[in-house]
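Reader: I'm a first-year student and I get lost when I look at a whole model at once. Could you zoom in on a single spot, tell me what sits around it, and then work outwards from there?

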There are 2 protein chains.
Amino acid sequence: MAKKRNIIVGQSGGPTAVINSSLAGVYKTAKERGFHKVYGMLHGIEGFLDEMYVDLSTQIHSDMDIELLKRTPSAFLGSCRYKLPDIHENPDIYEKIFGILDKLEIEAFIYIGGNDSMDTIKKLSDYAIVKGHSQKFLGVPKTIDNDLALTDHTPGFGSAAKYIATSTKEVIRDAMGLSYKRNMITIMEIMGRNAGWLTGATALAKTEECCGPDLIYLPEVPFDIEKFLKKCTDLMKKKPSIVVAVSEGIKTPDGTYVCQMGGGSDYVDAFGHKQLAGTAAYLAAYLAEKTGNKTRAVELSTLQRSASHMASRVDINEAFMVGGAAVKAADEGDTGKMVVIDRVSDDPYMSAAGIYDVHKIANNEKLVPRNWVTRDGSYVTQDFINYVEPLIQGDYQPFMVNGLPQHLVLKR
Amino acid sequence: MAKKRNIIVGQSGGPTAVINSSLAGVYKTAKERGFHKVYGMLHGIEGFLDEMYVDLSTQIHSDMDIELLKRTPSAFLGSCRYKLPDIHENPDIYEKIFGILDKLEIEAFIYIGGNDSMDTIKKLSDYAIVKGHSQKFLGVPKTIDNDLALTDHTPGFGSAAKYIATSTKEVIRDAMGLSYKRNMITIMEIMGRNAGWLTGATALAKTEECCGPDLIYLPEVPFDIEKFLKKCTDLMKKKPSIVVAVSEGIKTPDGTYVCQMGGGSDYVDAFGHKQLAGTAAYLAAYLAEKTGNKTRAVELSTLQRSASHMASRVDINEAFMVGGAAVKAADEGDTGKMVVIDRVSDDPYMSAAGIYDVHKIANNEKLVPRNWVTRDGSYVTQDFINYVEPLIQGDYQPFMVNGLPQHLVLKR
């Protein structure tokens, strides 16, 4: 009797709107390629170490379920933030992992995640090679932050960018409708501690019928608050409402996060804890003080990474594709690799799955190139827009039940 | 030659996702009923006093434009927050208004707005009757807050409720995916200073595949923070992630806003101004302190009133209907009235436009009835859900251009 060929898949790190589309791609392709069981580890490698996993055939019963999974935000299997120790630091953990893999007759291990997850793939594949284990380890990229190296972009980014650009258009209209004889400055705070990809995507709101944000500040360029004030003051002479997009991670030239400015007068909460007022909240208070205008801060917060109701069709399809490509690669004998997205053509936009050695990828952070930001650092260039625009195209209409988007949810 | 029959329409107060659908209803019905010119006042009565208006036929060129207008959030004509003085306080303003109306040969004046707008309709219709002017004044309700009396609900509420319930489902999934061996409490802050309609709508997230928020607190019921802590502590024993929805306006039994709690240790910003930390931010800090769990605050902020990309079909259609009904009423000789929505039937849901004397309406605030909140004040009842659920049904697919929802924008 032929040995059973089983496969296991996990999800790790911050959620995105399309991380489950990659899971769907793994499942469907594994079934098509004749894998026997497709296991899902619960809460990534952390849950796996507790032997938490499910047989995905108990969860996914039809092509309809697969379509629903593609439209479900956040990690269907649960996620974790867990970095494996180095092999020499804790060999027992590795013994344990491979013990479970052997018990489940796992031939391939697919991990969907960001930099830490690729580190996991690297360590497990190294260990397998050194110890003579036959399992294959493949990574599938995922992060709204788009900060993974070697891939043209990451699944999850396009949908977050689409939601952010849509919300930016709506916030701009909201502000314009309200501004008459009372000027207003709106500061929108977008996720991105070091990389400004998402904040730059607000520029997509600049369309035939929308002026777009007036200023855009990314963490890649030092933030000069005096010049910022001057820009705002000049703009307010020309129009009653200005909207500024800032990354949460913008810093002054001396390396201080803007959200940490104000020195001793930082927010001390009612319980004596020093809190960071948000970047937008700080700048809104600063501009109110300096200009006398009404200001407001809008934080997109966690909504921007889980808004599957405004996902990009390109993004969902690419997420599905890289999930499937990882299974194919493992099935063909690859290990220690991450699937990447290669941009084949800009116009018309075309992409294809490629594959890279995970040793070249792990722990590199891809930032927005300086020449994709204007010289004075207050906007992104047309090159930036040309790069992002294809990634937000097309929709996946949510399956609406009783007026709300339906999701596929784990049954235990 | 017959006298020209012109009509003017304005928008006032906070934006909604469907206030322009009412404008579209006014325009289309006015044209169908033979009005010559349809003027739009810019920034409501405040702009009108500066003689700021447009001929809407220069803006709306086709049925396609009308459909686009129905999908455009925020006030197309610009809004204002301006309350007319009493007639005896400043008769000159009234003289001026009627002077402009006569000049433009206006027969009917339609105002889309909330309580303050209905006050404007009341004063102008009273003045016209007293002074023998022939113009008709009609109000069209609008507010996401749903706090207008005598109408079953207000246009704008259903779409905001739909967006809030959708975002709540997505936030719950986001939190669940992340919670493993690290408990997390998420506090969502929803608009509503005095009325909890929108916060209660988070209960719609409770569906077959979503547990919904764990606790819901409305401003109508005094908020007991000790009991709240106890509830959270008990819930955390049962599940790793809990999500709590609170109105921005919840108050302790002695009338203190929760966002003002903490006494002298309120947030003093870097510029020495005392700031209110948000309600959710306060409660998240409180729970972190008391329970030691990870907590986070999510403020839906201005997004919830301008998210036309997740508008309710019922809401857009009703907003259109009440706009048209106001024109019809004016055309048939009514004045000093507000159009209302009457609920004809719950199952199947059916509604119709009714009409009320605006003197009965102005400045009454409709709150959530106490018996639509559970006895202990930590959730809404099935009656509440039955009331809201029909209002979020159906979609109006946005017109997507280049991956983003398209809006109709005023050309000057």
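Author: Let's start with B:Val54. If you skip its neighbours within four places in sequence, B:Val54 is in contact with B:Tyr39, B:Gly40, B:Leu42 and B:Gln59. Here, "in contact" means that the C-beta atoms of two residues, placed from the backbone, lie within 7 Å. A quick word before we go on: this is a predicted model, where local features need pLDDT of at least 70, side-chain atom pairs count only at pLDDT 80 or more, and totals for chains, interfaces and linings use all residues. As for labels, residues are numbered from 1 along each chain as its sequence is written, while chains are lettered from A and ligands numbered from 1 in the order in which they are written.

Back to our spot. B:Val54 belongs to strand E3 of chain B, which covers residues 53–55. Strands (E, at least two residues) and helices (H or I, at least four) are DSSP runs, numbered from the N terminus. Is B:Val54 buried or exposed? In between, as it happens: B:Val54 is partly exposed, because 16 other C-beta atoms lie within 10 Å. The cut-offs go like this: 20 or more other C-beta atoms within 10 Å of a residue's own make it buried, 12 or fewer make it exposed, and anything in between is partly exposed, with C-beta atoms placed from the backbone. Now look for B:Leu410. It sits 356 residues away from B:Val54 in sequence, yet their C-alpha atoms are 9.3 Å apart in space.

Let's visit some other spots in chain B. B:Asn402, in the loop between strand E14 (400–401) and strand E15 (404–405), has a positive phi near 55 degrees and isn't a glycine. With 13 C-beta neighbours inside 10 Å, B:Asn402 counts as partly exposed. B:Lys181 also has a positive phi without being a glycine, this time about 65 degrees. You'll find B:Lys181 in the loop between helix H6 (157–178) and strand E6 (184–190) of chain B, and it is exposed, because just 11 other C-beta atoms come within 10 Å. Then there's a cis peptide bond from B:Asp347 to B:Pro348, with omega near 5 degrees. B:Pro348 lies in the loop between strand E12 (337–346) and strand E13 (349–357) of chain B. Over in chain A, the bond from A:Asp347 to A:Pro348 is cis as well, with omega near 0 degrees.

How do the two chains sit relative to each other? A turn of 180 degrees and a shift of 0.0 Å along the axis lays chain A on chain B with an RMSD of 0.0 Å. The two copies are therefore related as by a two-fold rotation axis. That fit is a least-squares superposition on the C-alpha atoms of residues with pLDDT of at least 70 in both copies.

Where they meet, 64 residues of chain A are in contact with 66 residues of chain B. H6(A) gives the most to chain A's side, with 12 residues. By class, that side has 27 nonpolar, 25 polar and 12 charged residues. Nonpolar covers Ala, Val, Leu, Ile, Met, Phe, Trp, Tyr, Cys and Pro; charged covers Asp, Glu, Lys and Arg; the others, Gly among them, are polar. And 100% of chain A's interface residues are interface residues in chain B too, so the copies meet through the same surface.

Helix H9 of chain A, which runs over residues 279–291, has 13 residues and spans 18 Å from first C-alpha to last, close to the 18 Å expected at 1.5 Å a residue. That expected span is 1.5 Å times one less than the number of residues. Among the buried residues of H9(A) are A:Tyr282, A:Leu283 and A:Tyr286. Right after H9(A) comes A:Gly292, with a positive phi near 75 degrees.

Finally, step back to all of chain A. It has 12 helices and 15 strands. Its radius of gyration is 23 Å, close to the 22 Å from the globule rule for 412 residues, so chain A is as compact as a globular protein of that length. The radius is taken over C-alpha atoms, and the rule is 2.2 Å times the number of residues to the power 0.38. Of those 412 residues in chain A, 58% are buried.
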